[in-house]
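User: I've got a model loaded and I'd like to talk through its contacts. Can you walk me through it?

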Amino acid sequence: MFESGESVAAALEAAGATLEAEQRQPNGVDLTAGAVLRQTGPGRIGRDGKRVGDRSEVETDDGTYRLDAGTYVVRYGEPVRIPEGHVGFVLPRSTLLRNSCTLDTAVWDAGYEGVGEGRLDVGHRIEIEPGARIAQLVLARADHEGTYDGDYQSEGI
Ligand SMILES: O=c1ccn([C@H]2C[C@H](O)[C@@H](COP(=O)(O)OP(=O)(O)OP(=O)(O)O)O2)c(=O)[nH]1
């Protein structure tokens, strides 16, 4: 069962997020674009560990990211905390899809806290303002063994 948007908002506020009224949705909370990054160096996924490659922030033009088609990394604008007994999913805002763009996202583990990131896939030129809503976080109740204790714990906070 999925939590209500009100419950998701409470979980984000517990992590220190300040939410605008428009971010509160019936079934979740909209996340904003904090920063858009472009990867400049290779990462590594090995059997012995992992490394995220170098990235640099895309420059804004007149306060707006004007993005050509391509692959970017977006850092969200809000800290997120996934409460115990839950799993989180982030989905793209449908306006992104309607503009030939999308987000690729992974599982948000119980116990994770931080400012997360996702892959922003730009299929057609688009303008995105920092702080604009691009995604929605939903929380589902879930059994789990242990809680998240990986390298990304507390990132960005
Ligand atoms: O699209 C996503 C999905 C998850 N996360 C956060 C929450 C999640 O709990 C954490 C770690 O995700 P995951 O377990 O998929 O990462 P990993 O590459 O397996 O790293 P680790 O070895 O630390 O688990 O990153 C994101 O920032 N973006």
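Here is a short run of questions and answers on the ligand site, the aromatic rings and the salt bridges.

Analyst: Quick ground rules before we start: this is a predicted model, so local features need pLDDT of at least 70, side-chain atom pairs count only at pLDDT 80 or more, and totals for chains, interfaces and linings use all residues. Residues are numbered from 1 along each chain as its sequence is written, and side-chain values use heavy atoms, with hydrogens and water left out.

User: Which residue has a side-chain N or O atom 2.6 Å from an oxygen atom of the ligand?

Analyst: Polar contacts here are pairs of N or O atoms within 3.5 Å; within protein, one must be able to donate a hydrogen and the other to accept it, and residues adjacent in sequence count only if both atoms are side-chain atoms. K50 puts a polar side-chain atom 3.1 Å from a ligand oxygen, and a polar backbone atom of D151 sits 3.4 Å from a ligand oxygen. The 2.6 Å contact comes from the side chain of D109.

User: How much of the ligand's area does the protein bury?

Analyst: Areas come from the Shrake-Rupley method with a 1.4 Å probe, and for residues only the protein chains shown count as cover. Polar contacts to the ligand include the one from K50, at 3.1 Å. Taken alone, the ligand exposes 580 Å², and the share buried by the protein is 71%.

User: Are the rings of Y76 and W108 stacked, edge-to-face or tilted?

Analyst: Rings of Phe, Tyr and Trp (its six-membered ring) pair if their centres lie within 6.5 Å; planes under 30 degrees apart are stacked, over 60 edge-to-face, and the rest tilted. There are three aromatic pairs in the structure. For Y76 and W108, the centres are 6.0 Å apart and the planes meet at 50 degrees, so the pair is tilted.

User: Which residues form one aromatic cluster with Y76?

Analyst: Y76 is buried, as is W108, where buried means under 20% relative accessible area, exposed over 50% and partly exposed in between (1.4 Å probe, protein chains only). The cluster joins Y76 with W108, Y112 and Y148.

User: Is R133 buried or exposed?

Analyst: R133 meets E22 in a salt bridge at 3.7 Å, N to O, a salt bridge being a side-chain nitrogen of Lys or Arg within 4 Å of a carboxyl oxygen of Asp or Glu. E22, at 48% relative accessibility, counts as partly exposed. With 17% relative accessibility, R133 counts as buried.
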